[in-house]
Each structure stands twice: as C-alpha cells, then as structure tokens.
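Please look through the sequence and the model below before reading on. The paragraphs after it take up a few helices in turn.

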Amino acid sequence: MSEKPKKWNDYAALLISVVSILISGVGLMYQWQQSERYSDNTHQVLVNSAKLATYDVDLMNYKVSNMPVGSMDYAQLDLQLDSLKQNLETIKSIDPTTLPKFDAINYQVYRQDLNTVITMMESYVSDMRYDKSKPVNESETLHLDMGTRTNFQQGSTASKEVLQRDKDLLHKGENLYNRTYKEAIKEMGAD
C-alpha cells in the first residue's frame, strides 16, 4: 500500500510542475504581446505626431502667406507654436526604456527632430517681431512684408520636409537614424 500513495504523490508533483510551466508560458506570452502592443502604439503615436505637426506648420504658413499687412498679431501664430509644444510633451511622455532597440532610436531621432522644428518655427515667428528686445506680447502686430513672408515660407518648408521625411520613414518601418543622421555624418567625414 505504501507504493500506491507514493505514485500518486509523483503524479501530483508532475501535474503541478506542468501547470506551473503552462502558467509561466502564458505569462511570458502576455508580456511579449503587451510589449509588441506598446511598441506598435508608440510607432503610431510618432506617425500621428508628425501628421499633426505638419498641419500646424502648414497652418502657420497659410496664415503668414494670406494675412493682410498689419493684421497679424503674435497670438495668431502662438496658437500653433503651443500646439507643437503640446505635441512634443505627448512624445516626451513615452518611456523609451520600454521600447525595443529599433523603436527606441526612432523615438529619439523623431523627438529631436520635432524639437528642432519647434525651435526653427519659434525663430521664424520671432523674426517677424518689430522689437525683439521687448518681452513677447500676444497682441503685438507682426511685421509682414515680402521679405518676412518669403523667409517664413522657406523655414516652414524646411520644417515640413523634416516632418514629412520622418513620417514616411516611420510609415515604411525604416530606421530614422540610419536614413538621416548616419548619412549626414558620412557626408561630413566624421565617421
């Protein structure tokens, strides 16, 4: 009789081990799926961010190109600058340490590019101010003439090209660093 209970104990131990392995496997699968989902969601957030930023740059350019002289104040462009900054804050809320290596570099490059676009657009808006030595006043009228409009248009075109390039490369699933910065480093001879 002592033989039978021992057999049942062995079966019970084996059964518990199999169930434990199954539970661990399900847990690992769930973690992997969550990681993939986070990566996919992050990728989509970057693409959406580029689309929204492109819209803001386009809208600013439209306003500058079409407003009559003397009728545009700082606040009209500051709306889009704020929208670009909020867009960047959304991007900053992503935790890059949880992303796979490939997505992490794309995140970092895109974040840097969006920050550069914001800095450029702020600079072009600032260039239209009559007196840059004074603090910004939302109601101050901006200087709009052919020169400032052309300058702004060139800056917004350059900004839009950066955003469009990033959006296209992200859409294709390509590495932003390899396609932009790595090539630039080679051209500068700074390998």
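What span should the 26 residues of helix α3 (residues 101-126) have at 1.5 Å a residue? The expected span is 38 Å, and the end C-alpha atoms of α3 are 38 Å apart, which agrees. The expected span is 1.5 Å times one less than the number of residues. This is a predicted model, in which local features need pLDDT of at least 70 and side-chain atom pairs count only at pLDDT 80 or more, while totals for chains, interfaces and linings use all residues. Residues are numbered from 1 along each chain as its sequence is written, and side-chain values use heavy atoms, without hydrogens or water.

The buried residues of α3 (under 20% relative accessible area) include Tyr107, Tyr110, Leu114 and Ile118. Polar and charged side chains also appear in that list, among them Asp103, Asn106 and Asp113.

Next come two other helices. Two packed helices are described by the angle and the distance between their axes. The axes of α4 (residues 146-172) and α5 (residues 176-188) come within 9 Å and cross at roughly 140°. The two helices are therefore oblique to each other, a term for angles from 35 to 65 or from 115 to 145 degrees. In α4, Arg165, Asp166, Leu169 and Leu170 meet Leu176, Arg179 and Thr180 of α5, with contact meaning heavy atoms within 4.5 Å.

Helix α5 also holds Tyr177 and Tyr181, four residues apart, about one turn of the helix. Their ring centres are 6.2 Å apart and their planes lie at 10°, so the pair is stacked (centres within 6.5 Å, planes under 30 degrees apart).

Note on methods: Axes are lines fitted to C-alpha atoms, for helices over the stretch in contact, and angles run from 0 to 180 degrees between N-to-C directions. Rings of Phe, Tyr and Trp (its six-membered ring) pair if their centres lie within 6.5 Å; planes under 30 degrees apart count as stacked, over 60 as edge-to-face and the rest as tilted. Buried means under 20% relative accessible area, exposed over 50%, partly exposed in between (1.4 Å probe, protein chains only).
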